[in-house]
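Morning, everyone. Please have a look at the model on the screen, and then I'll walk you through a few of its contacts.

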Amino acid sequence: EPSRFAREARRAARPGLFSADTLVSDAYNVILIWFLSMVATRAFLKSVGEIFPALGSQMGQLLLSAVFSSTIALILIGKASRQFSAKGFLFNLGLRKGDRSVVEVFIAPALVGLFFAIVSSVIICLRHEQPVTPLSAVVAATDSVWLFAIFLAMAVLAAPLIEEIIFRGYFFHVLSRARGKRFAIYAIALVFAFLHIGQYWGDWAAIVMVMLLGFALTMLRAWSGTTLASIIAHYAYNAGVTIIPFYFAN
């Protein structure tokens with residue numbers, strides 16, 4: 001189809017061809033397809049747990065769900081982000097340093113992440129008793145060392161990258177185009193906090209910290225112009241909040 005190839009050529013030549021309304025519509029489709037995919041795979045995840053008993057535990061199902069959820073989301077976002085420009089996945093989701101300095105992209109974000117990690121760690125260590133949350137209950141019920149190790153690795157190594165690509169990479173770009181950066185900052189921070197409430201329900205300090213962290217990460221994304229900054233800060237926070245409490249405890 002000559003007309004089709006002509007349209008594709010124009011899209012490649014003009015990165016901003018797609019309107020904000022089109023990008024928002026695509027974002028809604030991403031959310032809908034992701035949700036329906038997770039509903040469809042729920043029975044499959046349970047069947048996997050029946051075949052492999054360890055994966056049938058709460059922790060096993062949590063890990064399986066996280067892997068499938070992240071994989072589906074990244075595939076959908078990778079496809080949808082092609083409409084941002086013809087410059088490729090890394091550029092479209094802000095995963096390039098550009099002309100920003102090392103301080104802006106790496107050092108300052110790392111310090112921000114460590115600051116939040118220290119504050120969270122102090123709150124944890126000053127408590128006489130830790131609140132029971134749905135996530136902590138799953139962790140406490142886990143008697144498999146390797147499942148716990150996988151959970152820890154995903155929380156520290158995989159989650160920051162995946163969450164930043166989804167929130168500060170894709171959806172921040174869409175909302176910025178549609179409603180401006182200020183709206184995108186507040187919306188992404190609130191949605192980020194809301195989606196973590198289920199994990200930390202009952203620990204209101206943790207929920208507030210996640211909301212503040214989400215706001216700081218999105219501010220870093222807007223200020224630096226690259227998702228790398230929020231990724232570095234997120235890594236620094238997750239690593240810090242995992243390691244620092246052990247230091248205080250000793």
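**Helix pairs and aromatic pairs**

Let's start with helix α5, residues 102-126, and helix α9: the two pack at an angle of about 175°, with their axes 11 Å apart. This is a predicted model, in which local features need pLDDT of at least 70 and side-chain atom pairs count only at pLDDT 80 or more, while totals for chains, interfaces and linings use all residues. Residues are numbered from 1 along each chain as its sequence is written, and side-chain values use heavy atoms, with hydrogens and water left out.

A word on terms. Helices are DSSP runs of H or I, at least four residues, numbered from the N terminus. Axes are lines fitted to C-alpha atoms over the stretch in contact, and angles run from 0 to 180 degrees between N-to-C directions.

Back to the pair. α5 and α9 are roughly antiparallel to each other, because their angle is over 145 degrees. Who meets whom? From α5 come E104, P109, V112, F116, V119, S120 and I123. From α9 come A205, M209, L212, L213, A216, L220, W223 and S224. Contact here means heavy atoms within 4.5 Å. By class, these residues divide into twelve nonpolar, two polar and one charged. Ala, Val, Leu, Ile, Met, Phe, Trp, Tyr, Cys and Pro count as nonpolar; Asp, Glu, Lys and Arg count as charged; the others, Gly among them, are polar.

Stay with W223. Its place is in α9, residues 204-224. Is W223 buried or exposed? Neither: W223 is partly exposed, with a relative accessible area of 44%. Buried means under 20%, exposed over 50%, partly exposed in between, with a 1.4 Å probe and protein chains only. Not counting residues up to four places away in sequence, W223 touches R100 and E104. The C-alpha atoms of W223 and A108 are separated by 11 Å, with the two positions 115 residues apart along the chain.

Next pair. Helix α2, residues 20-51, packs with helix α3, residues 58-80, at about 150°, axes 10 Å apart. So α2 and α3 are also roughly antiparallel to each other. α2 passes α3 in a right-handed crossing (the near helix is turned clockwise from the far one by less than a right angle). The contact includes V30, I33 and W34 of α2, and Q61, L64 and S65 of α3. In total, that contact has 14 nonpolar, five polar and one charged residues.

Now the rings. How many aromatic pairs does the structure hold? Eight. Rings of Phe, Tyr and Trp (its six-membered ring) pair if their centres lie within 6.5 Å; planes under 30 degrees apart count as stacked, over 60 as edge-to-face, the rest as tilted.

Take F84 and Y170. Their ring centres are 5.6 Å apart and their planes are at 15°, so the pair is stacked. F84 sits in the loop between α3 and α4, Y170 in helix α7, 86 residues apart. Both F84 and Y170 are buried. Together with F171, F84 and Y170 form one aromatic cluster.

Then F167 and F192. This pair is edge-to-face, 5.4 Å centre to centre, with 90° between the planes. F167 lies in α7 and F192 in α8, so the pair ties together parts 25 residues apart in sequence. F167 is buried at 10% relative accessible area, and F192 is buried at 2%.

Last stop, S176, also found in α7. S176 counts as buried, at 18% relative accessibility. Leaving aside neighbours within four places in sequence, S176 is in contact with K181 and A184.

Definitions and conventions:
Parallel < 35°, antiparallel > 145°, perpendicular 65-115°, else oblique.
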